[in-house]
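Trainee: I would like a close look at a single part of this model. Please take one element and set it in the context of the chain.

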Amino acid sequence: QTVRVAGRLMSKRLMGMAAFAHILDGKGQIQLYLSVNDLGESYAAFKDYDIGDIVGAEGKVFKTRTGEISVHAEKIELLAKSLLPLPEKYHGLKDQDMRYRQRYVDLIVNPEVKNTFITRSKIIAFIRRYLDSLGYLEVDTPVLHTLEIGAAARPFKTHHNALDIDMYLRIETELYLKRLIVGGFDKVYEVGRIFRNEGMDTSHNPEFTTIEMYQAYSDYKDMMDLIEDMHRKLAKEICGTDTVPYQGREIELGKPWERLTMKEAVKKYAGADYDAWKTDEDARAYAASRGVEVPEGKTATKGHVLLAFFDAFVEEKLVQPTIIYDYPVENSPLAKRKADDSAFTERFEYFVCCKEMGNAFSELNDPIDQRERFMKQVAAKRATGANAEVDEDFIAALEYGMPPTGGLGLGLDRLVMLLTDSPSIRDVLLFPTMKPKNK
């Protein structure tokens with residue numbers, strides 16, 4: 001049977017009147033056998049082909065004496081010329097900086113790298129199927145915003161010429177998705193590209209992907225059940241098991257996840273008892289006695305001190321999947337207060353391998369409370385020199401009435417890191433942000 005194949009020339013071995021070569025396409029390598037008797041003048045041209053050239057061949061499939069499936073070429077042609085040499089065969093492209101800058105070369109000479117991005121695509125496809133099966137609707141919301149909102153993240157700023165206004169790349173998809181809940185969509189989600197003008201490290205890139213989902217007539221405990229079930233099924237689908245290796249550890253996504261309130265977690269891992277602090281002053285004094293730095297300083301509340309203890313002692317202990325819930329209101333401006341303790345909110349984050357992987361709330365739907373929290377947030381951001389504003393349109397949406405809603409957002413890139421055992425976020429982004437070499 002005659003077949004046609006095409007790909008990048010990765011090796012050639014000339015033996016006078018005949019030759020063997022390997023070409024690489026998106027599915028892998030295949031060997032070609034070529035001889036002057038079959039190809040005539042085309043064989044002479046082939047001898048001048050360079051490693052990296054794109055070639056096409058036509059011929060019959062056979063097995064060599066060593067059992068390798070090959071194509072006995074009856075025709076061969078040069079489809080595209082490679083003007084730059086590929087990295088040397090046995091050393092490949094090892095320089096990490098160059099791998100990220102020239103991902104196209106990385107994919108050629110390190111074909112196993114493709115598996116990470118194939119897996120990434122499969123993860124997104126599975127999550128879409130999972131949410132669709134639960135009745136969620138995928139939507140798109142604006143990337144360009146007219147306001148710099150009061151959240152702690154710093155946005156990227158641009159200018160719209162036709163409208164002659166400054167605009168900001170979004171730092172979240174949350175507020176528009178909740179507008180849709182107000183509008184009558186009961187379950188919505190978005191796979192969204194997010195932009196934050198902040199630092200970079202192994203788990204942070206200025207642009208990244210989140211998946212946010214919102215469900216009317218539910219709360220944060222419903223979201224806990226959803227995210228645990230989704231991870232268990234996702235791991236089995238992608239990895240074939242719900243216990244996955246990550247950086248030398250075995251992560252048990254299939255076992256019931258531990259669930260602790262933030263107060264319980266701080267008491268368990270730091271020995272600090274929030275309920276023993278009668279006043280903010282007591283909390284600050286206790287932090288000072290333990291050598292825990294609280295960024296808010298003399299204005300720190302009990303909630304701020306609790307958060308500081310969590311950062312200092314707890315997060316590094318959360319290797320296996322753990323849900324930490326009931327966060328202080330001080331750092332939860334969009335979460336509903338707990339009915340039995342207004343100092344805390346119905347919010348959780350889940351952690352795997354000492355990293356925060358996602359964030360969820362019982363969404364705040366009280367417009368008066370929401371305005372007050374936005375105003376405090378905006379005041380704090382303006383104190384840093386930013387031009388933050390309250391999103392009055394979002395407040396207006398809440399004034400029309402938003403049903404009780406559970407919302408959850410997860411970082412797709414960190415999830416891909418976990419399921420592909422990748423140490424850096426740059427390994428799971430095809431084209432991570434890089435400083436130009438001439439700068």
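Which residues of helix 5 are buried?

Mentor: The model is predicted, and what follows should be read with that in mind. In helix 5, the buried residues are Val 113, Thr 116, Phe 117, Thr 119, Arg 120, Ile 123, Ile 124, Phe 126, Ile 127, Tyr 130 and Leu 131. Arg 120 is thus on the buried list, along with Phe 117 and Phe 126.

Next, the cover. The buried residues of helix 5 are covered by elements that include helix 3 (96-101), helix 4 (103-109) and helix 7 (220-239). Helix 13 (412-420) also takes part, as do strand 10 (187-195) and strand 11 (207-216).

Then the geometry. Helix 5 runs over residues 113-133, which is 21 residues, so at 1.5 Å a residue a span of 30 Å is expected. The end C-alpha atoms are 31 Å apart, and this agrees with the expected span. Just after the helix, Gly 135 has a positive phi of about 90°.

As for the setting, helix 5 belongs to a chain with 13 helices and 19 strands. Of the 439 residues in the chain, 48% are buried. Among contacts with a separation of 6 or more, 64% join residues 24 or more positions apart. The C-alpha atoms fill a box of roughly 90 × 55 × 45 Å along the principal axes. The accessible surface is about 22000 Å², with 52% of it belonging to carbon and sulfur atoms. On the charge side, there are 60 positive and 69 negative side chains, and the centres of these two sets are 5 Å apart.

Conventions
Residues numbered from 1 in each chain as written. Predicted model: local features only at pLDDT ≥ 70, side-chain atom pairs only at ≥ 80, totals over all residues. Heavy atoms only, no water. Helix = DSSP H or I, 4+ residues; strand = E, 2+ residues; numbered from the N terminus. Expected span 1.5 Å × (residues − 1). Buried < 20%, exposed > 50% of the residue type's maximum accessible area, 1.4 Å probe, protein only. Contact = heavy atoms within 4.5 Å. Areas by Shrake-Rupley, 256 points an atom, 1.4 Å probe, with all protein chains shown as cover. Lys, Arg positive; Asp, Glu negative; His and termini not counted. Charge placed at Lys NZ, Arg CZ, Asp CG, Glu CD.
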